[in-house]
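Q: I would like to take a close look at a single part of this model. Could you walk me through one helix and its surroundings, step by step?

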Amino acid sequence: MLACPFEKIHPSFLKKDALFFMSHAFNLAIDAWNADEVPVGAVMVHQQEIISSAHNQTRSQTDPTAHAEMIAITMAAKKLGDWRLNECELYVTKEPCPMCSGATITSRVGKVFFGLSDPKMGCLGGAISLHKLEKSNHKPEVTGGIMKEPCEAIIQAFFQKQRSQVSA
Ligand SMILES: [Zn+2]
């Protein structure tokens with residue numbers, strides 16, 4: 001198995017901005033690659049601290065719901081002892097799919113930041129906008145395009161590697 005060719009980012013702890021938290025999510029995507037999982041990483045932030053983090057684990061868990069966001073959301077709720085995550089921010093390297101977008105709404109995540117958008121399956125503006133459902137009583141604030149280039153490059157490289165392995 002080819003080790004992930006991308007290098008981890010070491011952001012300064014002096015400035016905890018969107019780039020800081022997305023860097024951590026990106027590093028988790030590298031961990032996902034090295035575990036032979038689709039390289040997507042997510043962190044949940046509460047009061048400027050990372051309270052949970054995860055990468056995709058659908059293959060290792062044989063669980064189609066084991067997306068990075070789902071795991072990070074579940075862990076954050078357990079940690080806070082509250083299923084309502086209004087005060088939390090989710091950082092994820094790829095725009096959430098229908099399931100994960102739904103989870104950000106049912107868990108009432110306050111803000112969602114993602115890297116690359118997904119015009120095919122992304123449900124926070126890419127394909128459709130679940131966070132803008134007219135009658136929904138929770139609408140997360142969504143910001144896309146944070147560190148889009150590396151988040152996109154690592155996924156493209158991963159699938160390219162997979163295709164070359166299949167054809168080899
Ligand atoms: Zn998902």
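What covers the buried residues of H4?

A: Happy to take you through this part; please keep in mind that the model is predicted. The cover over the buried residues of H4 includes H1, E3 and E4. Let us begin with the helix itself and then move outwards.

H4 runs over residues 148-167. At 1.5 Å a residue, its 20 residues should span 28 Å, and the end C-alpha atoms lie 29 Å apart, which agrees. Cys151, Ile154, Ile155 and Phe158 are the residues to look at next, as they are buried in H4. These four cover an arc of only 90° around the axis, so they sit on the same side of H4. Turn to the face that points away from this buried side and you will find the exposed residues Glu149, Gln156, Gln160, Arg163, Ser164 and Ser167.

Now for the sheet. Five strands make up an open, mixed sheet, in the order E2-E1-E3-E4-E5. Its edge strands are E2 (49-55) and E5 (141-143), each of which pairs on one side only. On average, neighbouring strands are turned by 15° against each other, direction ignored. Two helices are worth following from here. H1 (residues 18-34) packs on the sheet and touches E1 (41-46), E2, E3 (88-94) and E4, with its direction at about 145° to that of E1. H4 also packs on the sheet, touching E3 and E4, and its direction makes about 60° with that of E4.

The two strands that H4 touches deserve a closer look. E3 is mostly covered, with seven of its seven residues buried. With E1, E3 pairs in the antiparallel sense over five bridges, and here His46 stands opposite Cys88 of E3. With E4, E3 pairs in the parallel sense, again over five bridges; Lys94 stands opposite Leu116 of E4 in this case. Moving on to the edge, E4 (residues 111-116) pairs with E5 in the parallel sense over three bridges, and Glu141 in E5 is the bridge partner of Lys111. As a reminder of what holds such pairs, strands of a sheet pair through backbone hydrogen bonds, either parallel or antiparallel.

Finally, let us place H4 in its wider setting. In soluble globular proteins, nonpolar side chains tend to be buried together. Here the largest nonpolar core has 45 residues, and those with the most contacts inside it are Ala25, Ala29, Ala42, Ala72, Leu90 and Tyr91. At least two residues of this core come from each of H1, E1, H2, E3, H3 (98-106), E4 and H4. H1 gives the most, with nine residues. For a single example, try Ala25: leaving out residues up to four places away in sequence, Ala25 touches Gly41, Ala42, Val43, Tyr91, Val92 and Thr93.

To put the picture back together, H4 has its buried residues on the same side, under a cover that includes H1, E3 and E4, and its face turned away from that side carries exposed residues, among them Glu149 and Ser167.

How values were computed: Residues numbered from 1 in each chain as written. Predicted model: local features only at pLDDT ≥ 70, side-chain atom pairs only at ≥ 80, totals over all residues. Pairing = 2+ DSSP bridges. Axes fitted to C-alpha atoms, helices over the stretch in contact; angles between N-to-C directions. Contact = placed C-beta atoms within 7 Å. Expected span 1.5 Å × (residues − 1). Buried ≥ 20, exposed ≤ 12 C-beta atoms within 10 Å, placed from the backbone. Arc of directions from axis to C-beta. Core = buried A, V, L, I, M, F, W, Y, C linked by C-beta atoms within 7 Å.
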